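Ready to poke around a new structure? Work through the exercises below, and try each one before you read its solution.

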Amino acid sequence: MQSFPDIQFPIGDTVAAFIDFLALNFKGFFDFLFVIFSSTIKATEQGLLMLPWWVLILIVVAIGTYFTSWKGGITFGVFLFLIGTFDLWSQTMTTLAVIIISVVLSLLIGIPLGILMAFNRTFASIMRPILDAMQTMPTFVYLIPVIFFFPLGNVPAVIATIIYALPPVMRLTELGIRNVDEEVIESAESFGSSRMQMLVKVQLPQALPTIMAGVNQTTMMALSMAVVGSMVGADGLGERVLHALNRIDMSLGFEAGISIVFLAIIIDRITAGIADKMQSRRGEAS
């Protein structure tokens, strides 16, 4: 009675069979996606590398100064300069390209789905447990199915990153729209606004600070996948961390790790500053 009865429910075998079915029958579709993703990542990376290092630093300083403070802007510039002194500039641009593509696609998918969740309670009730599973599933598990569909490299890392980083922007988009003041909605309805006009001119502007908080969280979660993505062949700072781990190279591991921290601080402060500016403008307008 102490041992578990011989009852088996091989859900893992079912999932594996489904993945094999997709990989076999939709190979052309996944090859097309691979070409699109890989070319987009490459173009973004080359665009970043074409910029002189000092121009990119000045751009970050200007953006940081505008959305945070002049002290913050200078600090962000110093962080990027230090990354260059570690001889990790090209790897940083690769990581930045992967993050940009992952975040942009996450927002293009997540914001419309979050809007749909806000307007359709049935869809929201279906999506919530799925989002819970996406957020609680160990990140390494995402890497297993994507390597069945795509060759090793940056593309499977981007796909896994999108899956992992998608839930926050969906949840906060839904929350922001649902929390729009009823009096504001009623006032817009009294002027004869259609549902689309209500969404574009009232609900989205009112929910924008909350949505930006979701953008911030999605961006940070995408950055946290940098090291994990290196396990499926993704280049960049994560690959340097993994290389240092395999060689037990403390110097390289620290420099690559602190570079990821610098990127995280820059991205977090700037996106938070954008949200704060939007919140303050909303307060001034009201």
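**Exercise 1: The annotated span**

The end C-alpha atoms of residues 92–271 sit 19 Å apart, and this span is 87% helix and 0% strand (helices are DSSP runs of H or I with at least four residues, strands are runs of E with at least two, numbered from the N terminus). This is a predicted model, in which local features need pLDDT of at least 70, side-chain atom pairs count only at pLDDT 80 or more, and totals for chains, interfaces and linings use all residues. Residues are numbered from 1 along each chain as its sequence is written, and side-chain values use heavy atoms, with hydrogens and water left out.

Task: find what UniProt lists for residues 92–271.

Solution: the unreviewed entry gives "domain: ABC transmembrane type-1" for them. Such annotations may be inferred rather than shown by experiment.

**Exercise 2: One helix, two sides**

Task: work out which residues of α12 (residues 237–247) are buried and which are exposed.

Solution: start with the cut-offs, where buried means under 20% relative accessible area and exposed over 50% (1.4 Å probe, protein chains only).
- L237, G238, R240, V241 and A244 are the buried ones in α12.
- Seen down the axis of α12, these buried residues fall within an arc of 160 degrees, so they line one face of the helix (the arc uses directions from the helix axis to the C-beta atoms).
- N246 and R247 are exposed on the other side of α12.
- I248 comes after α12 and has a positive phi, near 50 degrees.

**Exercise 3: Open and closed spaces**

Task: describe the largest pocket and the largest cavity.

Solution: first, the terms. On a 1 Å grid over the protein atoms alone, a cavity is a set of points where a 1.4 Å probe fits but cannot get out, while a pocket is an open set with protein on both sides within 12 Å along at least five of seven lines; lining residues have an atom within 4 Å of a point. A volume is the space filled by probe spheres set on the points.
- The largest pocket holds about 790 Å³ of space.
- Its lining has 26 residues, with I19, V141, Y142, P145 and I163 closest to the centre.
- The largest cavity has a volume of about 110 Å³.
- Of the 14 residues lining that cavity, T95, V98, M225, A226 and A234 lie nearest its centre.
- Helix α5 gives the largest share of the cavity lining, 4 residues.
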